[in-house]
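Me: I'm new to this and keep tripping over the vocabulary. Can we go through the words one at a time, using a real example?

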Amino acid sequence: MSSAIERLNNRKKNRKYIEDIYLDKSNTYIIHYSCQSFYNNSKSVRVTSIGVRNLESAQTHYWSMWHASEKLKIEPDCEEHLDILEKSILDSYFDFLKNHQTNKYLHWNMRDANYGFQALEHRYEVLGGTPIRIPDSCKFDLARILVALYGRNYANHSYEHKDKVYSGRMMVLAVLNNVAIKDAMSGKEEAEAFEQSNYQALHLSTSRKLDMIANFFDRTHANTLKHNGTFKEIYGFHLSTLPELVKNNPLYTALGILGTIIGIIWKFI
């Protein structure tokens, strides 16, 4: 039953992350960005838009090729112009980080050099900038937190609803919870939008996804998020194994187990 204990402890830890973030909403930002396709590229992928939204006030800082093109009066019609527009986005983003380096950042799968904070830092260095680095202790991946809370199958990677197929857990979770997804695109659709130079669509998609992540967070904190996780996937054991759990873990008194069961069932429903 050690795996069940480990599962419960991990769930408790991630539930605390949610509570700590909620209590510090004014100092927490949701961050999301869009980029070109990861595939068929011999170089690191371009950043096309970045959004940073305060979790409490919903005030949003937003930088995109669509806005930069209009502001700088430069059409994204060649590599040189794309460099200028992307650099403008990253200049503004890292300038924002100068005064917000130690805030909390809630994100969705921004974990590595392919897609994540490291990828943004690398692109800025490629374009001649000096990035500001956020401490890892300030980064919270909501996608991983949901796995810890509800199991790996909390949402499918694809889902058919009303004759339309939705791809990616973020989109599927939004459909399950009736969260507005207007303008939001899957990763594949965003890559296609880049190839078609549809930077306005990328801008709108990133903006909508900031709203979606905020909605997921609020529902997770309130224990109202709809998901596909089963009891065993969430808690690591069946109710029928509780006697074994008690026997192997003397620190669990009968009263403690009863309280745990009530709490588990309450959160599960």
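Reply: Sure. Helices (at least four residues) and strands (at least two) are DSSP runs, numbered from the N terminus. With that in hand, Asn109 lies in the loop between β4 and α4 (117-126). Keep in mind that this is a predicted model.

Me: Okay, and why is Asn109 called partly exposed?

Reply: Buried means under 20% relative accessible area and exposed means over 50%. Asn109 has 32%, so it counts as partly exposed.

Me: What makes the phi of Asn109 worth a remark?

Reply: Its sign: phi of Asn109 is positive, about 65°, although Asn109 is not a glycine. Asn223 is another residue other than glycine with a positive phi, near 60°.

Me: Where is Asn223, then, and how do you know whether to call it buried or partly exposed?

Reply: Asn223 is in the loop between α8 and α9. Its relative accessibility is 27%, and buried would need a value under 20%, so Asn223 counts as partly exposed.

Me: Let's do sheets. What makes β3 and β5 edge strands?

Reply: Look at the order in the open sheet of five strands: β3-β2-β1-β4-β5, with mixed pairing. β3 (60-64) and β5 (139-141) each have a single partner strand, so one side of each is left without a neighbour in the sheet. On average, neighbouring strands here are turned by 20° against each other, ignoring direction.

Me: How do you know that β1 and β4 are paired?

Reply: Pairing takes at least two bridges between two strands. Strand β1 (residues 28-35) and strand β4 (residues 104-107) are joined by three bridges, so they pass, and they run parallel. In one of these bridges, Ile30 has Leu106 of β4 as its partner.

Me: And what holds such strands together in general?

Reply: Strands of a sheet pair through backbone hydrogen bonds, either parallel or antiparallel.

Me: Last word: why is something called a nonpolar core?

Reply: Because it is a set of buried residues of kinds such as Leu, Met, Phe, Trp and Tyr, joined through side-chain atoms within 4.5 Å. The largest one here has 38 residues, and Trp108, Leu142, Tyr154, Met212 and Phe216 have the most contacts inside it. The largest share, seven residues, comes from α5.

Me: Which residues does Leu142 touch?

Reply: Beyond its neighbours within four places in sequence, Leu142 is in contact with residues including Ile18, Trp108 and Phe216. Apart from this core lies another, of 36 residues, among them Met110 and Phe194.

Notes:
Residues numbered from 1 in each chain as written. Predicted model: local features only at pLDDT ≥ 70, side-chain atom pairs only at ≥ 80, totals over all residues. Heavy atoms only, no water. Buried < 20%, exposed > 50% of the residue type's maximum accessible area, 1.4 Å probe, protein only. Contact = heavy atoms within 4.5 Å. Axes fitted to C-alpha atoms, helices over the stretch in contact; angles between N-to-C directions.
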